[in-house]
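Have a look at the sequence and the 3D structure below. Then let's walk through some of its features together.

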Amino acid sequence: MSAYIKWLERQISRFGTAFLEADRWKLYLQGLGVTLEMTISALLLGVVLGLIVAIIRTSHDQQRPGRSNFFLSLGNILCGFYTTVIRGTPMMVQLLIWSFVIFSNSRNKIMVGIIGLGINSGSYVAEIIRGGLMSVDAGQSEAGRSLGLNYFDTMRFIVIPQAFKNILPSLGNEFITLFKDTSLVNAIGAAELTYYATRIGGRTFDYMPPLIGIAIMYLLIVIIFTWLQSRLERRLRQSDRR
């Protein structure tokens, strides 16, 4: 029993050194703030890119037989190339290319990380949104046109709101995946949560407490967001019944 108590005291001391000594907990909060900022910014960038790509590809696929728009076809080829390349290569490799090749002279690694994560996320969001747009009955678009709405107004007021309800779970999963993938930007030197944890582990020569600690922080944030997502989905379902 005494051996167990000594072991427990030693573990408490290790976590105290990693989190409380020299106010190191402030570094974790700072890193968590940067991580959330990167996640939200990258997701917004990904949604914008994904929406543009999805609309181009959906518009191309829904062209009437025998009617082909050259610029729409060219845009579809470029969008297909973008999604194929980004989804077919590891995110780590993409981040390294963005940091050490494209923005090799930039010291703002957080911004580089946001760009890399956002462009990567955009390729997945594009397919999510495209699937949602294709899931809306074509009659909805025809009804919008019959009311005198142009293509963009039809998409804005009729198709996209309905598609959003269908893609919400997938978008939520993309946010969670993106939140966890921010740990990869540690490889390019961006000061986020994992960066501070490894830095503190190097100072104390004990990596277990900070890494276990941030793993719990990641888990708690994911649990909270999953709960919020489920509440939003439940509210949307209730609105449909009314």
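What follows is a short tour of a few spots in this model, which is a predicted one.

## The loop after helix 1

Let's begin with helix 1, which covers residues 2-19. Phenylalanine 19 belongs to this helix. Is phenylalanine 19 buried or exposed? Its relative accessible area is 17%, and because buried means under 20%, phenylalanine 19 counts as buried. If you want a feel for distance, try phenylalanine 19 and leucine 78: they sit 59 residues apart in sequence, and their C-alpha atoms are 48 Å apart in space.

Now look at the loop between helix 1 and helix 2, where you'll find alanine 22. Aspartate 23 is in the loop between helix 1 and helix 2 as well. Here's some background: most residues other than glycine have a negative phi. Alanine 22 isn't a glycine, yet its phi is positive, near 60 degrees. Aspartate 23 isn't a glycine either, and its phi is positive too, at about 55 degrees.

How open are these two residues? Alanine 22 is exposed, at 68% relative accessibility. Aspartate 23 has a relative accessible area of 41%, so it counts as partly exposed.

## Salt bridges

How many salt bridges does a search of the whole structure find? The count is 6. One of them takes us back to the loop: aspartate 23 pairs with lysine 26, and the closest N and O atoms are 4.0 Å apart. Lysine 26 is partly exposed, with 46% relative accessibility.

Another salt bridge joins aspartate 61 to arginine 130, with 3.1 Å between the closest N and O atoms. This pair ties together distant parts of the chain: aspartate 61 is in helix 2 and arginine 130 is in helix 5 (residues 109-135), 69 residues apart. Aspartate 61 is partly exposed, with a relative accessible area of 40%. Arginine 130 also forms a salt bridge with glutamate 127, at 3.2 Å from N to O. Arginine 130 and glutamate 127 are both in helix 5, 3 residues apart, or about one turn of the helix. Glutamate 127 comes out at 21% relative accessibility, and since buried means under 20%, it counts as partly exposed. Put the pieces together and you get a network of salt bridges that links Arg57, Asp61, Glu127 and Arg130.

## A pocket between helices

Next up is the second largest pocket, with a volume of about 190 Å³. Which helices each supply at least two residues of its lining? They are helix 2 (25-61), helix 7 (151-181) and helix 9 (208-241). Helix 7 gives the most, with 5 residues.

What kinds of residues line this pocket? The lining divides into 10 nonpolar, 2 polar and no charged residues. To find the pocket on screen, look for lining residues including Leu43, Val47, Phe164, Phe175, Phe225 and Leu232. Gly172 and Gln229 are also among the lining residues.

## Helix 2 and helix 7

Two residues in these helices make a handy contrast. Threonine 58 lies in helix 2, and arginine 156 is in helix 7. Threonine 58 is buried, at 1% relative accessibility, whereas arginine 156 is exposed, with a relative accessible area of 57%.

What separates them? Arginine 156 and threonine 58 are 98 residues apart along the chain, while their C-alpha atoms are separated by 14 Å. You can also start from threonine 58 and go to glutamate 174, 116 residues away along the chain: here the C-alpha atoms are separated by 21 Å.

## A nonpolar patch on the surface

Our last stop is on the surface. A nonpolar patch of about 580 Å² is found there, made by Met92, Val93, Leu96, Ile97, Phe100, Val101 and Ile102.

Let's zoom in on one patch member, isoleucine 102. Where is isoleucine 102 placed? It's in helix 4, which covers residues 91-102. Its relative accessibility is 47%, and because exposed means over 50%, isoleucine 102 counts as partly exposed.

Definitions and conventions:
Residues numbered from 1 in each chain as written. Predicted model: local features only at pLDDT ≥ 70, side-chain atom pairs only at ≥ 80, totals over all residues. Heavy atoms only, no water. Patch = residues over 30% accessible without salt bridge, like charges linked within 9 Å, V, L, I, M, F, W, Y side chains within 5 Å. Areas by Shrake-Rupley, 256 points an atom, 1.4 Å probe, with all protein chains shown as cover. Salt bridge = Lys/Arg side-chain N within 4 Å of Asp/Glu carboxyl O. Helix = DSSP H or I, 4+ residues; strand = E, 2+ residues; numbered from the N terminus. Buried < 20%, exposed > 50% of the residue type's maximum accessible area, 1.4 Å probe, protein only. 1 Å grid on protein atoms, 1.4 Å probe; cavity = no way out; pocket = protein on both sides within 12 Å on 5 of 7 lines; lining within 4 Å. Points joined across faces, edges and corners; volume = space filled by probe spheres on them. Nonpolar A, V, L, I, M, F, W, Y, C, P; charged D, E, K, R; others polar.
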